[in-house]
Amino acid sequence: SKFLEHIQDQLSCTVVSVNNDNPVVLELWVRAPLAARNFDAGQFFRLQTYETLSKVVEITRLQIPLQTISGAGVAGDMVRLMLLRFGPNAKLASRLKEGDPIVLMGPTGQAMDVPTGKTFLIISGTWGAAVMLGLGPVLRAAGNRVVYIAAYGSESQVYAKQELEAATDCIIWAVANGKKIV
């Protein structure tokens, strides 16, 4: 019974927090011990909710179907996930509450081979910023220089600005519309 309890604890995934503050990105922290322990920068996950636990509204089950999602880092036994707020999945994810069980598959994908003493130029938009949150600190910790071009439609799409700046040696903010990001 102790072994089964341990395995269930390691494989179970529950929502720790949902941050709805940004209009473009939803941030989820999920307690997922085994996933957190095995995550490396550059990998991703697949997220969904349990069908039987999903709310039903007017004969429609509000279940998050299988969604690929970038890992934005780990803290202890928790995984940080970011979802762009486009489409129904992010809207459904914004309804998650602390303690809700979810399905988190992974990590999967090839982890980044992290050399030392190199200079990396990374160019990404809103979605790529989530990856940068996990990748930048790993590259810098290995003695690399990280130059990041962050391309956004507008200043309102920026999230985790201070974290992104801390994850790079040099960041160039680029916007298609509106005022400059400083």
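**Exercises on a predicted model**

The largest pocket is lined by T49, Y50, L53, S54, K55, L62, I64, L92, R95, L96, D100 and P101. The model under study is predicted.

**Exercise 1.** Determine how the lining of the largest pocket divides by class, and state the volume of this pocket.

*Solution.* Begin with the charged class: the lining has three such residues, and K55, R95 and D100 belong to it because Asp, Lys and Arg count as charged. Next, take the polar class, which holds two residues; these are T49 and S54. The nonpolar class then has seven residues, among them Y50, since Tyr counts as nonpolar. The volume of the pocket is about 240 Å³.

**Exercise 2.** Classify C13 and C170 as buried, partly exposed or exposed, and state how many disulfides the structure holds.

*Solution.* C13 has a relative accessible area of 7%; the limit for buried is under 20%, so C13 is buried. C170 has a relative accessible area of 29%, which lies between 20% and 50%, so C170 is partly exposed. The number of disulfides in the structure is zero.

**Exercise 3.** Assess whether the radius of gyration of the protein agrees with that of a compact globule.

*Solution.* For 182 residues, a compact globule would have a radius of gyration near 16 Å. The protein has 18 Å, which agrees. Its C-alpha trace spans about 50 × 40 × 20 Å along the principal axes.

**Exercise 4.** Describe the secondary structure, burial and contacts of the protein.

*Solution.* The protein contains five helices and eleven strands. Of its 182 residues, 39% are buried. Among contacts between residues at least 6 apart in sequence, 65% join residues at least 24 apart.

Terms used
Residues numbered from 1 in each chain as written. Predicted model: local features only at pLDDT ≥ 70, side-chain atom pairs only at ≥ 80, totals over all residues. Heavy atoms only, no water. 1 Å grid on protein atoms, 1.4 Å probe; cavity = no way out; pocket = protein on both sides within 12 Å on 5 of 7 lines; lining within 4 Å. Points joined across faces, edges and corners; volume = space filled by probe spheres on them. Disulfide = S-S within 2.5 Å. Buried < 20%, exposed > 50% of the residue type's maximum accessible area, 1.4 Å probe, protein only. Helix = DSSP H or I, 4+ residues; strand = E, 2+ residues; numbered from the N terminus. Rg over C-alpha atoms; globule rule 2.2 N^0.38 Å. Contact = heavy atoms within 4.5 Å.
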